[in-house]
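Please look over the sequence and the structure shown here before reading on. The paragraphs that follow lead through it step by step.

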Amino acid sequence: MTSLDLEFVRRQFPAFQDPQAAEWAYMENAGGSLVPSQVTDKLINFYTRTKVQPYAGYGPSDEAGAAMDRSHQLLAAAINADADEVSFGPSTTQNTYVMAQAMADDLSPGDKIIVTNQDHEANIGAWRRLENRGFSIKEWQVDPETGLLNPEDLYALIDKKTKLVCFTHCSNIAATINPVKAITRAVHDAGAIVVVDAVSYAPHHFADVKDLDVDFYLFSLYKTYGPHLGLIYGKREHMENISNQGHFFNQSKLGKRLTPAGPNHAEIACAGGIVDYFDDVYTHHFGNTRAGVRQRVEAVFNLFGEQEQQLMAPLMDCLNSKPAVKVVGLAVADHRLRAPTFAFYSNRIKSVDIAKALIAAKLGVGQDHFYAYRLIDTMGVDPGDGVVRLSLLHYNSSEDINRAVNVLDEIL
Ligand SMILES: Cc1ncc(COP(=O)(O)O)c(C=O)c1O
């Protein structure tokens, strides 16, 4: 069976070629991933050669527009959507904010919106604010011991007034994968729709949005090897009816309805480089086949997943062997059940001190509530100190993991 050629992968990322940057083990990937040259080259090309108003009908301008269109097409194909079902905004937080304004126009007073206390605030706060406009907000709550959501608790909350269920594919702290397809089916059966935050899931797997049958699906490209943009997938039937947040004369352009401001042309133009990176990984491992974009993406994420699976076990074993340490979410090293993101705290040592020791050993890690404030708070962890988070991606090496385990063994 083909396995990931890590040397090839790391060669694609300029950071691993830079002597100073390469001294670090990158383990705060849930905060933002490194970027491969397939993306940076396109960004530089845009700024140096085509940084003019796109779509104006002359050489560099048309080249700029074509690069932007290409990104729409490639990223849409990568998640099995149509190009005009995908829009780009500055970030997922701003995208949910705009979506909440749009959805509010179509709701009636008393309509119910369900949010969780497991999500990053991006998929909670924007919806909660709508309470001021007469909508009822209910919370699907985690088990405070584990930080996990139980779909049965959601089903008990849904009633005829429920119009929207906003939840995460995978929390940035609990890291456990929620059964999006089954939940979406149940929500649809009850006559409501879903808004899924896939920010912490997408770096580990680009899902097939048609297979999941989700209504809205959002993630941040700066965590999936790309520029600082947020991607919104909106199912065509919803995008055709959603209240237009863009200029009135752009009403008929689905991809502009949730984009009130002019988009970041350069970043959109280089975003297609994410799929080019996947494509180069595919060709390196499987040769030039006739597989389409979606098939290639699926094959590449299988390789990434196997690599991540191998990296997970020693870290999870290490953390599970420390009696004073609690890992948030399912504490199992199984890539099918969770992302390789390890958020933990100790009842002996402050998170800030654990993080300091890791950083001193040139491990790039994070310590915070990571904007999943409600989750941390519900679990009884001081949001001021938060959790330590080590979040891996396929480009991490077993040497990175050994370095982390050595430090953790010493201090925990
Ligand atoms: C799970 C999750 N959702 C949403 C966000 C917000 O994304 P953005 O920074 O693009 O607003 C983050 C950012 O860390 C996140 O981890």
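**A walk through the predicted model**

D213 lies in the loop between α9 (209-212) and β7 (216-220). The model in which this loop appears is a predicted one, and in it the phi of D213 is near 65°, a positive value in a residue other than glycine. D213 counts as partly exposed because 14 other C-beta atoms lie within 10 Å, a number between the limits of 12 or fewer for an exposed residue and 20 or more for a buried one.

From this loop the eye can pass on to the strand β7, which is mostly covered, since five of its five residues are buried. The cover extends to both faces of β7, with F216, L218 and S220 buried on one side and Y217 and F219 buried on the other. Which strands pair with β7? In the parallel sense, β6 and β7 pair over three bridges, and the bridge partner of D197 in β7 is L218. Strand β8 (residues 230-234) is joined to β7 by five bridges, and these two strands run antiparallel; here Y217 stands opposite Y233 in β8.

Following the pairing from β6 leads to β5, for five bridges join strand β5 to strand β6 (residues 193-197), and the two run parallel. One of the places where they meet is at L164, whose bridge partner in β6 is I193. Between these strands the chain crosses from β5 through helix α8 (residues 180-189) to β6, and this β-α-β crossover is right-handed. Strand β5 (residues 162-168) has six of its seven residues buried, so it is largely enclosed by the rest of the structure. Strand β3 (residues 112-116) also pairs with β5, in the parallel sense and over three bridges, and there I114 stands opposite V165 in β5.

Another strand to visit is β4 (residues 136-140), which is where S136 has its place. Is S136 buried or partly exposed? With 15 other C-beta atoms within 10 Å, S136 is partly exposed. Leaving aside its neighbours within four places in sequence, S136 is in contact with G110, K112 and K161. S136 and D111 are 25 residues apart in sequence, yet their C-alpha atoms are 6.0 Å apart in space.

The ligand comes next. The residues around the ligand are S91, T92, T93, H120, A122, T168, N172, D197, V199, S200, S220 and G230, and this shell divides into two nonpolar, nine polar and one charged.

Further along the chain is helix α13 (residues 351-360), whose buried residues are S351, I354, A355 and L358. Why do these residues lie on the same side of α13? They cover an arc of only 95° around the axis, which puts them on the same side of α13. In general, an α-helix has 3.6 residues a turn, so residues three or four places apart point the same way. The buried residues of α13 pack against β10 (341-346), β11 (363-364), β12 (366-368), β13 (387-391) and α15 (398-411).

After α13 comes K362, which is found in the loop between α13 and β11. K362 has a positive phi of about 65° although it is not a glycine. Because 11 other C-beta atoms lie within 10 Å, K362 is exposed.

Technical notes:
Residues are numbered from 1 along each chain as its sequence is written. This is a predicted model: local features need pLDDT of at least 70, side-chain atom pairs count only at pLDDT 80 or more; totals for chains, interfaces and linings use all residues. A residue is near a molecule or strand if its C-beta atom, placed from the backbone, lies within 6 Å of it. Ala, Val, Leu, Ile, Met, Phe, Trp, Tyr, Cys and Pro count as nonpolar, Asp, Glu, Lys and Arg as charged, and the others, Gly among them, as polar. Helices (H or I, at least four residues) and strands (E, at least two) are DSSP runs, numbered from the N terminus. The arc is that of the directions from the helix axis to the C-beta atoms. Two residues are in contact if their C-beta atoms, placed from the backbone, lie within 7 Å. Two strands pair if DSSP finds at least two bridges between them. A crossover is right-handed if, with the strands pointing away from the viewer, the path from the first strand over the helix to the second runs clockwise.
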